[in-house]
Amino acid sequence: MADHHVIDVGGVRLAYQVSGPPDAPPLVMLHALGEDATDWDSVAPVFARSRRVHALDLRGHGRSDWPGEYSLQLMRDDVLGFLDALALDRVDLVGHSMGGIVAYLLAEDHPHRVVRLVLEDVPIPRPREQSTPTRPDGKLTFDWEVVLAVRRQVDTPDAGWLERLDRITAKTLVVAGGPGSHVPQEGILELARRIPHGRVVTIPAGHLIHKSEPMAFTKTVLAFLRSEEEPRPAQEA
């Protein structure tokens with residue numbers, strides 16, 4: 001059973017769920033755009049058997065503050081502030097889609113804070129054709145403004161994000177969703193190649209790997225987290 005907490009980070013209240021033994025190695029999990037910490041509920045209990053799992057609601061999502069100011073860099077800074085506030089010096093970090101971008105931005109700029117990095121179906125930061133998303137009807141569990149802000153950045157990413165991937169020192173596992181995903185898989189392969197200690201594994205489940213194939217996802221990620229050997233160069237499995 002996860003405990004629910006809220007913490008102030010730079011004037012923004014961040015909600016998070018924590019589970020697992022208090023003395024276990026810390027694992028931080030970052031959700032995709034429009035999701036929240038509960039998106040990990042199908043897999044977090046498995047990780048919590050051997051890890052102290054911290055699943056965040058990123059700003060503009062779920063029970064965290066919706067401050068109206070959004071960017072992937074602000075989310076990166078929120079996560080860094082969260083680690084500092086909880087005195088989590090070095091962590092394993094898992095991010096899905098948007099959460100994976102936030103995760104690799106943190107690992108680029110603060111490489112000493114991340115031991116192992118898991119990127120679940122995360123797009124490579126290259127410009128893509130822009131489109132305007134349509135707001136769903138009804139009440140949302142996230143601020144629609146965060147969707148507009150993040151989509152602009154994903155469509156036209158900062159060139160430095162790609163250039164700084166080689167600064168990541170964490171052992172990195174890139175989990176690709178295969179041909180059923182809307183994220184271009186060749187870009188995911190390149191993402192893994194550009195990270196010095198990166199490797200890629202494909203679980204052909206589409207974009208929502210941890211939901212569609214939770215057993216395969218947890219088995220693959222736990223094997224990586226427990227591995228003491230140096231990862232092989234990026235290759236499709």
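Select Leu27 first: this residue stands opposite Asp92 in strand E5. The model is predicted.

**The E3–E5 pair**

Widen the selection to residues 26-30, which make up strand E3, and residues 91-96, which make up strand E5. The two strands run parallel. They are joined by 4 bridges.

**The whole sheet**

Now show every strand. The sheet is open and has 8 strands. Which order do they take? Read across: E1-E2-E4-E3-E5-E6-E7-E8. The pairing is mixed. Color the two edges next: strand E1 at 3-9 and strand E8 at 198-202. Each of these edge strands pairs on one side only. Turn the view along the sheet to follow the twist, which averages 20 degrees from one strand to the next.

**Helix H6**

Select residues 185-194, helix H6. The helix lies across three strands: E6 (114-120), E7 (171-176) and E8. Its direction relative to E8 is about 150 degrees. Show side chains along H6. Which residues of H6 are buried? They are Gln185, Gly187, Ile188, Glu190, Leu191 and Ala192. Then add what covers them: the cover includes helix H3 (98-109) as well as E6, E7 and E8.

**Strand E2: Gln17**

Move to Gln17, in strand E2. Is Gln17 buried or exposed? Its relative accessibility is 11%, under the 20% limit, so Gln17 counts as buried. Select its surroundings, leaving aside neighbours within four places in sequence. Ala2, Asp3 and His4 are among the residues in contact with Gln17. Ala37, Thr38 and Asp41 are also in contact with Gln17. So are Val53, His54 and Ala55.

**Aromatic pairs**

Switch to rings. How many aromatic pairs are there? The count comes to 2.

Take Tyr16 and Phe82 together. Their rings sit 4.9 Å apart, centre to centre, with 75 degrees between the planes. That pair is edge-to-face. Tyr16 belongs to strand E2 (residues 12-19) and Phe82 to helix H2 (residues 72-85), so the pair ties together parts 66 residues apart in sequence. Check the burial of each partner. Tyr16 is buried at 9% relative accessible area. Phe82 is buried too, with 0% relative accessibility.

Go on to Phe47 and Phe217. The ring centres are 6.3 Å apart and the planes stand at 80 degrees, so this pair is edge-to-face. Phe47 sits in helix H1 (residues 44-47), and Phe217 in helix H8 (residues 214-226). The pair links distant parts of the chain, 170 residues apart. Phe47 and Phe217 are both buried.

**Zoom out**

Finish with the full model in view. The protein has 8 helices and 8 strands. Its radius of gyration is 16 Å, close to the 18 Å that the globule rule gives for 237 residues, so the protein is as compact as a globular protein of that length. Align the view to the principal axes: the C-alpha atoms fill a box of roughly 45 × 45 × 30 Å.

Color by burial. Buried residues make up 57% of the 237 residues. Draw contacts next. Of those with a separation of 6 or more, 76% come from residues 24 or more positions apart. Last, turn on the surface. The accessible surface is about 10600 Å², and 51% of it belongs to carbon and sulfur atoms.

Conventions
Residues are numbered from 1 along each chain as its sequence is written. This is a predicted model: local features need pLDDT of at least 70, side-chain atom pairs count only at pLDDT 80 or more; totals for chains, interfaces and linings use all residues. Side-chain values use heavy atoms; hydrogens and water are left out. Two strands pair if DSSP finds at least two bridges between them. Axes are lines fitted to C-alpha atoms, for helices over the stretch in contact, and angles run from 0 to 180 degrees between N-to-C directions. Contact means heavy atoms within 4.5 Å. Rings of Phe, Tyr and Trp (its six-membered ring) pair if their centres lie within 6.5 Å; planes under 30 degrees apart count as stacked, over 60 as edge-to-face and the rest as tilted. Buried means under 20% relative accessible area, exposed over 50%, partly exposed in between (1.4 Å probe, protein chains only). The radius of gyration is taken over C-alpha atoms; the globule rule is 2.2 Å times the number of residues to the power 0.38. Accessible areas come from the Shrake-Rupley method with a 1.4 Å probe; for residues, only the protein chains shown count as cover.
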